[in-house]
Every structure is written in C-alpha cells, then in structure tokens.
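Take a look at the structure below and follow along. We'll visit two helices and then a pocket.

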Amino acid sequence: MLPRVADSLSFLYLDIVRIVQDDTGVCAEVTSPHRGTETVYLPTAALSCVLLGPGTSITARALATFARHGTTVVIAGSGGVRCYAATLPESLSTTWLERQARAWAEDATRLAVATAMYEQRFGRGTVPSGSNLAKLRGLEGQRVKAHYRLLAQQHGIGRFRRNYDPDSWDTQDPVNLALSSANTCLYGIVHAAVLALGCSPALGFVHSGNQQAFVYDIADLYKAELTIPLAFSLHASPQPEADARRGFRDGLRLFRLLPRIVTDVQRLLAPDEDITLPDPEEQLVDLWDPITGPIPGGVNYAGEEPL
C-alpha cells in the first residue's frame, strides 16, 4: 500500500532539468558546466506531487509513468510559487473530492467547515457558539484590521489601508504591492496541494463563485502568519514585488507549508475520521448505491434482481 498522504506527503520541485524514462525508471538529467550531465532517478511511486519549474522538459513516457503511479504533475513557476496547470491522473482517489462535495452541498456542514476555518485562524474557543457567517465575517474584519494596525506601528508606517486595484497597480504603496505579490505565490502553493489531494479548487466554503474559491479559503489560514508580516517588513523596499516572492519562497523552507496544508484540509473535511487512501494500483471504479454506499465495480450483478 502507498503511504497516506497526510503521513508521508512527498512534493518534489524540479527546474532546469530534462525528465525522461529509461529502462530502469524515470530520471532527471541535470546538466552543469563543471560536471556535465548527471542522472538522478526519481522515486515515482513515493511521490504525491511533482512541481515542474521553469526550464523543465518531460517526455511522454515519463509523464505516463507518473500517471500510472498516481503522481500529480504541476506546471509551476520559479520555486513552486505559481501554479499554471496540472495533470490529474486517472488513478487519483476521489475520496477527498467526495467528502469536499458532500460537505459543500449541505448548508449545515458547509457552515461547520467555514466555522472551523475561522476557529483555526482565531484560535480554539474564540468563535461564539451559534455564530452565523455574517458574525464570522465581522470578527474576521476586526481581527485583520487590528493585525494591520499592530504591524504598522511596529514598522513605523502610520496608518495603513489594504488596497488592491489592478487598474492602478503602479500607484500602490510598497506594502500593498508586496502583499498582493506574496498572496499570489501563496495561492499557487495551496492550489498545488489541493490538486494533489484530488479536491476541487472551485468548491469553496467561505468564498464562492470562482474557480479558486477553495484555494482562497485555505490560503486565508496562513496569511496572518506568512504573507502579511512579510509585506510589512518590505515597506521600504524599492522592489517590493520581487522581494516578496523571494522572501516567501525562503519562508516555505522554515514553515513546511505543503504538509501543513494537506493536514489542515483533511482535518477540515473529515474532523472525526482517519481515512486511508486506497492503493491506486489496486483501486477499481466503484458503483454508487444509496443504501449500502459504494460497492465494487467490475462485478456482474445480474443475479441480484429478477429481469
């Protein structure tokens, strides 16, 4: 059996390499002026997601091997901070997608997941019992403003107001530019993790009406810890956007963000359960039954009911 995603999630970021399939397995050919071309074999069966950065090429045979092993391949930006496209192998389990869709479709469970998200951001026990979404949004607004005010005082900025206007991008102050840039990087990382789990980026619990609604939901869990302090630290930077991207990339090594994202998504969608994902090599397509739940596919059920 492959290890559970939550227990041994493996993300591999590659750039400026050629990925090929030989008689032994999938390997990355790394070329350098001093050492020539080196071959590094990749543990495809143990990888949940491969991020292919700039300067990477991959052959069709290598891509097919990743697909057979259930490895999601993400076309990413430098350092893995942007997600441009991704493959979803046929063998990728739908366990978490089904749980996400089920929780999203029912208003009561959707509110419960949204409340759990706010609780994770504010701290356990800080959300009043029975709060509706309007109350939660109000609490969020108060806390974010207080966070902005505290960081502004610490950096001697004075009054700060969040402003995001794509039509007037160049007129914004360095903190707003850095925050927008860092948040974009964060969205890319969250998108990659969501795809690796097989969830839908579009089915959000707080956000709605956008193909990245769930990405925005999960990204909000980490902004106060990652992107907002980083942006305020760049208030005097002459190039805040580039510095924010580099600073965010460096911070990922310290915060180990990708495993945290997967653990948090699983905890939100199945707070009281411990689910082991099936082995993609052995998994068959199940059949839906409203009474018994999923039943095995590839079975002739002709004798169950008289014709």
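Helix H10 covers residues 257-269, 13 in total, and spans 18 Å from first C-alpha to last, close to the expected 18 Å. That expected span is 1.5 Å times one less than the number of residues. Helices here are DSSP runs (H or I) of at least four residues and strands are E runs of at least two, numbered from the N terminus. Among the buried residues of H10 are Leu-257, Ile-261 and Asp-264; buried means under 20% relative accessible area, exposed over 50%, partly exposed in between, with a 1.4 Å probe and protein chains only.

By the way, this is a predicted model: local features need pLDDT of at least 70 and side-chain atom pairs pLDDT 80 or more, while totals for chains, interfaces and linings use all residues. Residues count from 1 along each chain as its sequence is written, and side-chain values use heavy atoms, without hydrogens or water.

Now for helix H2 (residues 60-68).

| Side of H2 | Residues |
|---|---|
| Buried | Ala-62, Thr-65, Phe-66 |
| Exposed | Ala-60, Arg-61, Arg-68 |

Why do the buried ones sit on the same side of H2? They cover an arc of only 100° around the axis, judged by the directions from the helix axis to the C-beta atoms. After H2 comes Gly-70, with a positive phi near 75°.

Finally, how many residues of each class are in the lining of the largest pocket? There are 14 nonpolar, nine polar and eleven charged. Nonpolar means Ala, Val, Leu, Ile, Met, Phe, Trp, Tyr, Cys and Pro; charged means Asp, Glu, Lys and Arg; the others, Gly among them, are polar. A pocket is an open set of points on a 1 Å grid over the protein atoms alone, where a 1.4 Å probe fits, with protein on both sides within 12 Å along at least five of seven lines, and lining residues have an atom within 4 Å of a point. H5 gives the largest share of that lining, seven residues.
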